[in-house]
Amino acid sequence: MPDLAAMSRLLHRSLHHMPPKATGGHGIYLVGEDGRDIIDGSGGAAVACLGHNHPAVNEAIARQLARVAYVHTGLFTNDAAEALADALLEGEPGGLTHAYFVSSGSEGMEAALKLARQYFLEIGESRRDRVIARRQSYHGNTLGALAAGGNAMRRAPYQQLLSGAFSHVSPCYAYRDRRDDEDDEAYVARLAEELEAEFQRLGPGRVMAFCAEPVVGATLGCVPPLAGYFRRVRDICDRHGALLILDEVMCGMGRTGTMHAWEQEGIAPDIQVVAKGLGGGYQPIGGILIAGRVIAAFRRGSGSFMHGHTYQAHPVACAAALAVQQVIRDDDLLAKVRATGERLADRLVERLGNHRHVGDIRGRGLFWAIELAADRTSKAPFPPALALNTRIRDAALERGLAIYPMGGTIDGTHGDHIVIAPPYIATASDIDAITERLGDAVDDAIRSVAN
Ligand SMILES: Cc1ncc(COP(=O)(O)O)c(C=O)c1O
């Protein structure tokens, strides 16, 4: 057997492992090199919300290519970007009035952080240069976004390069962090006190923003907030005059059953970061949605955001995203996400709820995770050296299911979870197939570590 990884000139995620090749895709399926259909049970990393090869999106891309592929925003605007901004901001959801499009979630996060900083320069509060975020979060891999994130595993090699402007408080992670003597309300109150204390520690007029994923994505594994958590967060930010940046790169654009995950929390952000489900993977695109009051400060002040990328508001990327969003609206896919999401939750609980090594099942809409435990009672994780999450990935792939595995759930080293994030077009029987294959894959993987 030739060592394919050694022969490839492409720097893969591992130099020792060549991933299988995908040669095609249709609907919820990816096609392997052997011609086999594989259910895309996580849309990659919760990206492919419409599945693959959607004719309306393909046509929109081809149409835009035939008109113009690229213009620079320093010189021209373009119809696709203008129409995408109009579509996303129709009715000014939560007071968001403007959009800025970039090419990824990380670029979106960089734009959000810089916009927040410049906002305070515009209003004469230049001492605000600190950002509070949460441990075990992920905001991207560029240096600013990585510094904002609390993903211990991804931060470790680059620690010396990460800005000290960021500090981190606890996530809202009831499965492991709520004490036995606390109910949800007391736990939320404790988290709010911790955040308040961090604002106090940094000092009055120093914090420019608090950043969080409304439903924590890959790092913790689809952890929704407890009721009332984000209202407390919003209050604290408002009292301290700081902006609230919500990173909906993974959980947004319909993934949790509402267009924005924050809609279910009774609050709205000042700046929202979006990406994955925005373009559904048909083109690389991310962006930020910005509150009218932030834009108003820029209007009164310098009048321009001191930022920019060569490929921002890219016409083909925006045309693809616009088509994706039109399909979501025209096919009423948010209602479908809510309905199939309930089925996914039920099926996961039926198949794995009593499994001796599944400690927690959590999520919202079509965004769910299982967290594995060596011992359900003590919640002790499996030894990281067993790489249980990648074993489950491999076992699932053998059974024709692609899912998103992650380790380091608890602290960047310990813990394993699996993210399930099917395309919004998945049917009830697709959901049943996903949960059956996942359940069998968990059993296969557990058997392999027991031997
Ligand atoms: C919540 C969140 N923010 C930001 C990012 C970074 O996005 P990208 O990988 O497109 O740069 C991700 C990617 O996984 C994410 O899940």
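**Sheet and ligand site in a predicted model**

Colleague: What is the strand order of the open sheet of 7 strands?

Modeller: This is a predicted model. Its open sheet is built from 7 strands with mixed pairing. From one strand to the next the twist averages 20°. The order of the strands is 4-10-9-8-7-5-6.

Colleague: Which strands stand at the edges, each with a single partner strand?

Modeller: An edge strand has a single partner, so one side of it is left without a neighbour in the sheet. The strands in this position are strand 4 (96–102) and strand 6 (166–169).

Colleague: Which residue in strand 10 does Val273 stand opposite?

Modeller: Strand 9 (residues 271–274) and strand 10 (residues 286–291) run antiparallel and are joined by 4 bridges. Opposite Val273, in strand 10, stands Ile288.

Colleague: At about what angle to strand 8 does helix 10 run?

Modeller: Helix 10 (residues 229–240) lies across strand 5 (130–134), strand 7 (207–212) and strand 8 (243–247). Helix 12 (residues 292–300) also packs on the sheet, where it touches strand 4, strand 8 and strand 10. Relative to strand 8, the angle of helix 10 is about 145°.

Colleague: Which residue has a polar side-chain atom 2.7 Å from a nitrogen atom of the ligand?

Modeller: The residues surrounding the ligand include Gly105, Tyr138 and Asp247. Gly105 places a polar backbone atom 2.8 Å from a ligand oxygen atom, and a backbone N or O atom of Tyr138 lies 3.4 Å from a ligand nitrogen atom. The side-chain contact at 2.7 Å belongs to Asp247.

Colleague: How much of the ligand's accessible area does the protein cover?

Modeller: On its own, the ligand has 390 Å² of accessible area. The part covered by the protein is 83%.

Conventions. Residues are numbered from 1 along each chain as its sequence is written. This is a predicted model: local features need pLDDT of at least 70, side-chain atom pairs count only at pLDDT 80 or more; totals for chains, interfaces and linings use all residues. Side-chain values use heavy atoms; hydrogens and water are left out. A residue is near a molecule or strand if one of its heavy atoms lies within 4 Å of it. A polar contact is a pair of N or O atoms within 3.5 Å; within protein, one must be able to donate a hydrogen and the other to accept it, and residues adjacent in sequence count only if both atoms are side-chain atoms. Accessible areas come from the Shrake-Rupley method with a 1.4 Å probe; for residues, only the protein chains shown count as cover. Two strands pair if DSSP finds at least two bridges between them. Helices (H or I, at least four residues) and strands (E, at least two) are DSSP runs, numbered from the N terminus. Axes are lines fitted to C-alpha atoms, for helices over the stretch in contact, and angles run from 0 to 180 degrees between N-to-C directions. Contact means heavy atoms within 4.5 Å.
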